[in-house]
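Please examine the model shown below. The exchange after it takes up confidence, helices, salt bridges, surface and backbone geometry.

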Amino acid sequence: MSNSVRNKLDKKLKIFKFIKLVQPKYSDSYIQKIVDAIFKYGNKYKVEPYVIVSTAYVESEFSMKSGPCIGIMQVYKPSLRWLNPKKEYDPYTIDGNIALGTKELSLSLPNNLNRGNIIDRSSANDRGLKIMWGKYNGSGSRGYYSTKTLNVMRKIVVYDLSKLKQLLTKGPLWLRNR
C-alpha cells in the first residue's frame with residue numbers, strides 16, 4: 001500500500017474516531033456517512049478534509065438538528081440560491097449539507113492559497129484560512145470565529161485521539177488556554 005493511500009486511510013480513521021468522541025451516541029454507519037461525504041466533497045471541491053471537519057465541529061458539533069441555519073455545516077438559507085441554483089443538493093441530508101458547506105468553503109478560499117499544503121503552519125495559509133472562515137461565517141477574517149476554527153483544526157491535526165478526548169472532557173476544543 002502506498003504512503004498516500006495509507007495517509008488517507010489514517011486520516012479517515014482519525015476523523016471517524018473524532019466524530020465518535022464528539023457524538024458517542026451516533027451509530028458507526030451514521031458517522032461513516034459523514035466521513036464519506038467529507039472526503040467525497042473535499043476531493044470534488046479541493047478542500048482539505050480537516051478544514052471541513054473543523055468547520056462542521058465548530059458550526060454544529062456534527063448535528064443535522066442544529067440551528068438557526070441548516071444542518072451539520074449550518075448552511076445559510078439565503079445562500080442556497082447562489083450555492084445550489086440547480087437544486088443539485090438537498091441541504092437537509094448529510095450528503096447534500098456537507099456538499100453545500102464544502103462548496104461554500106471552496107468558493108471562499110483565496111485563489112492564491114496553496115490548497116495542497118493547506119494545513120501547514122505558514123502564516124500565508126493561516127491568513128488564507130481565516131479569510132475563508134470569515135467569509136463562510138460572515139464575521140470577517142479578524143473575527144473570533146476564524147481564530148477559533150483555525151485553532152480547532154490545528155488541535156485535530158496535531159493531537160492524537162487520547163489527547164483530543166482529554167480536551168473534550170473539559171469542554172469544546174475552541175476554548176482558550178488548552
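The questions and answers below discuss this structure.

Me: Under which conventions should the values be read, and what is the mean pLDDT of the chain?
Reply: This is a predicted model, in which local features need pLDDT of at least 70 and side-chain atom pairs count only at pLDDT 80 or more, while totals for chains, interfaces and linings use all residues. Residues are numbered from 1 along each chain as its sequence is written, and side-chain values use heavy atoms, with hydrogens and water left out. pLDDT is the predictor's confidence in each residue, from 0 to 100. With 90% of the residues scoring at least 70, the chain average is 89.

Me: Which element has the lowest mean pLDDT?
Reply: Helices are DSSP runs (H or I, at least four residues), numbered from the N terminus. Among the elements of the chain, α2 has the highest mean pLDDT, 97, and the lowest, 84, belongs to helix α6 (residues 123-137).

Me: How many residues of α3 are buried?
Reply: Buried means under 20% relative accessible area, exposed means over 50%, and partly exposed lies in between (1.4 Å probe, protein chains only). The buried residues of α3 include Pro 49, Tyr 50, Val 51 and Glu 59. Helix α3 is largely enclosed by the rest of the structure, because the buried residues number twelve of the twelve.

Me: What distance does α3 reach from its first C-alpha to its last?
Reply: The expected span of a helix is 1.5 Å times one less than its number of residues. Helix α3 covers residues 49-60, twelve residues in total. The expected value is 16 Å, and the model comes close to it, reaching 16 Å.

Me: How far apart are the end C-alpha atoms of α2, and which elements cover its buried residues?
Reply: At 1.5 Å a residue, the 18 residues of α2 should span 26 Å, and the distance in the model agrees, at 25 Å. Its buried residues include Ile 31, Ile 34, Phe 39 and Tyr 45. Contact means heavy atoms within 4.5 Å. The cover of the buried residues in α2 includes α1, α3 and α5.

Me: Which residue meets Glu 48 in a salt bridge?
Reply: A salt bridge is a side-chain nitrogen of Lys or Arg within 4 Å of a carboxyl oxygen of Asp or Glu, and the structure holds five. At 2.8 Å, N to O, the partner of Glu 48 is Lys 11. This pair links distant parts of the chain, 37 residues apart: Glu 48 lies in the loop between α2 (28-45) and α3, and Lys 11 in helix α1 (residues 3-22). Glu 48 is buried, at 12% relative accessible area, and its partner is Lys 11.

Me: Which residue pairs with Asp 95 in a salt bridge?
Reply: The side chain of Asp 95 meets that of Lys 40 at 3.7 Å, N to O. The two are 55 residues apart, Asp 95 in helix α5 (residues 94-108) and Lys 40 in helix α2. Asp 95 is partly exposed, with a relative accessible area of 31%. At 48%, partly exposed also describes the partner, Lys 40.

Me: Is Glu 88, which forms a salt bridge with Lys 44, buried or exposed?
Reply: The closest N and O atoms of Glu 88 and Lys 44 are 3.7 Å apart. Glu 88 sits in the loop between α4 (80-83) and α5, whereas Lys 44 is in helix α2, 44 residues away. Lys 44 counts as partly exposed, at 45% relative accessibility. With a relative accessible area of 52%, Glu 88 is exposed.

Me: Which residues join Met 1 in a nonpolar surface patch?
Reply: Such patches are made of residues with over 30% relative accessible area and no salt bridge; like charges are joined within 9 Å, and nonpolar side chains (Val, Leu, Ile, Met, Phe, Trp, Tyr) within 5 Å. Accessible areas come from the Shrake-Rupley method with a 1.4 Å probe. Met 1, in the segment before α1, counts as exposed at 68% relative accessibility. The patch of about 300 Å² is completed by Val 5 and Leu 9.

Me: Which residues does the cis peptide bond join?
Reply: Most residues other than glycine have a negative phi, and most peptide bonds are trans. Pro 68 lies in the loop between α3 and α4. With omega about 10 degrees, the cis bond joins Gly 67 and Pro 68.

Me: What is the phi of Gln 74?
Reply: Gln 74 is found in the loop between α3 and α4. Gln 74 is buried, with a relative accessible area of 8%. Its phi is positive, in a residue other than glycine, and is near 50 degrees.
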